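Student: I would like to learn how to read a model of this kind, one feature at a time. Where should we begin?

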Amino acid sequence: MSKRPEEIIRDEIRALAAYHVPESGGMVKLDAMENPYRLPADLQVEIAHLAETAALNRYPDPAAARLKSRLREAMQIPADADVLLGNGSDEIIQMLIMAAARPGTAVLGVEPSFVMFRMIATFCGVRFVGVELTADFMLDVERMLAEIARHQPALIFLAYPNNPTGNLFDADAVRRIMEAAPGLVVVDEAYHAFADATFMPRLVDHPNLLVMRTLSKLGLAGLRLGILCGRKAWLEHVDKVRLPYNINVLTQLIAEKVLQHGDLLRQQAAAIKAERARVFNGLQNMPGIRPCPTQANFILFRTTAANRIFDRLKQRGILIKNLHGAHPALAECLRATIGTPEENTRFLDALKDAVNAA
Ligand code: PMP
């Protein structure tokens, strides 16, 4: 008689809710921090040619050497830092935690933040310590330092800007955390393209700092490419848990090509930032809506009736993210990704109607 799932699958995995991706066919999709812009037609043709001639019968370059050197240039990675690539930064988070997962190890993060830090810790059988942010979603440094001293975490994850709140933490607070950390501090700069600050140059003077980036918010979410930068002494070990061909042939070719068009990526980010200011203004002027300061390509805002507003927007064909219930600090909160000007106008109009009706 074969065993039942309760006897085989770990309790903490059975207790998880699967990462939910809602159906979005035909909708204005403002729920997942994607870049709304496609690549220009001439670049699409070049990419089609690359796909046509790619050696798909061969395994990809396991070191992705050419792509890494493009990334170094495009992301101004310090020359003496090493680079490790992941199938999205999600996979990098997994590699890091897997490599450090001794029995009894703790991983520390803040809450609310990106849920995969906690989820992947759970997948790896590692204890996750979530330290609450302050009421305005900033780092509570004293509390962080106390929890670091108590749990001696192997890894600390800080999203900078943070998701889902959108804000940048105080850089000096991050520096104090790096100085107090017994292990690694991973600064996750997924939203770097839309922010005015970065820890990338700090890699030079902080041996326990790792900086993570992704191409997902730059218009290449479909390619799945995450980037980890830091000292070789750390990355050479993390690299051992990386599956050998994790960055496929097409991702390597296409990312290399698109990264040659830095101006295009910067223009798209600039357009998103300009729209972010307009949407923020629109939200600020709506009764009962309080947007949070943001340096990302999305805006978190508090309402008085998140569930009802979310449903009304959905009925109008607009999908955003409902965070009500995700964490007590996010009560009545919704999060909208910045889309094209037309999409944003549709969102603001529908939201105005939804607020009036709520
Ligand atoms: N870090 C943060 C803070 C994120 O918000 C996300 C995506 N929502 C990721 C990492 C993962 O990005 P990807 O796996 O697409 O690189």
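Tutor: What follows covers the domains, their interface, the ligand site and some points of backbone geometry. Keep in mind that this is a predicted model.

Student: Which residue ranges does the domain assignment give to domain 1 and domain 2?

Tutor: Domain 1 is assigned 5-40 + 263-357, and domain 2 is assigned 55-260. Their C-alpha centres are 23 Å apart.

Student: How is the size of an interface often given?

Tutor: The usual quantity is the accessible area lost when the parts come together. Here domain 1 and domain 2 bury about 2400 Å² between them. Carbon and sulfur atoms account for 66% of that area. In terms of contacts, 31 residues of domain 1 meet 30 residues of domain 2.

Student: How many salt bridges and how many residue pairs in polar contact are there between domain 1 and domain 2?

Tutor: The salt bridge count between the two domains is 0. The rule for polar contacts finds 8 residue pairs across the interface, with both residues at pLDDT 80 or more.

Student: Which elements supply at least two residues each to the side of domain 1 that touches domain 2?

Tutor: Those elements are helix H2 (11-14), helix H11 (262-284) and strand E10 (298-302). H11 contributes the most to that side, namely 6 residues. Sorted by class, the side of domain 1 that touches domain 2 holds 18 nonpolar, 6 polar and 7 charged residues.

Student: Turning to the ligand, how many residues surround it, and which are the closest?

Tutor: The ligand is surrounded by 13 residues, and the closest are Ser 89, Asp 188, Tyr 191, Thr 214 and Ser 216.

Student: Which ligand atoms are paired with the side chains of Asp 188, Thr 214 and Lys 217, and at what distances?

Tutor: Take the side chains in turn. A polar side-chain atom of Asp 188 is 2.5 Å from a nitrogen atom of the ligand. For Thr 214, an N or O atom of the side chain lies 2.6 Å from a ligand oxygen atom. Lys 217 has a side-chain N or O atom 3.2 Å from a nitrogen atom of the ligand.

Student: Now the backbone. Where are the cis peptide bonds before Pro 112 and Pro 161?

Tutor: One joins Glu 111 and Pro 112, with omega about 0°. Pro 112 sits in the loop between strand E3 (106-111) and helix H6 (115-123). Another runs from Tyr 160 to Pro 161, with omega near 0°. Pro 161 belongs to the loop between strand E5 (155-159) and helix H8 (171-180).

Student: Is phi of Met 33 positive or negative?

Tutor: Phi of Met 33 is positive, near 55°, in a residue other than glycine. Met 33 lies in the loop between strand E1 (28-29) and helix H3 (41-53).

Definitions and conventions
Residues are numbered from 1 along each chain as its sequence is written. This is a predicted model: local features need pLDDT of at least 70, side-chain atom pairs count only at pLDDT 80 or more; totals for chains, interfaces and linings use all residues. Side-chain values use heavy atoms; hydrogens and water are left out. Domain bounds come from an automatic or database domain assignment. Contact means heavy atoms within 4.5 Å. Buried area is the accessible area (1.4 Å probe) that two parts lose on being put together, summed over both. A salt bridge is a side-chain nitrogen of Lys or Arg within 4 Å of a carboxyl oxygen of Asp or Glu. A polar contact is a pair of N or O atoms within 3.5 Å; within protein, one must be able to donate a hydrogen and the other to accept it, and residues adjacent in sequence count only if both atoms are side-chain atoms. Helices (H or I, at least four residues) and strands (E, at least two) are DSSP runs, numbered from the N terminus. Ala, Val, Leu, Ile, Met, Phe, Trp, Tyr, Cys and Pro count as nonpolar, Asp, Glu, Lys and Arg as charged, and the others, Gly among them, as polar. A residue is near a molecule or strand if one of its heavy atoms lies within 4 Å of it.
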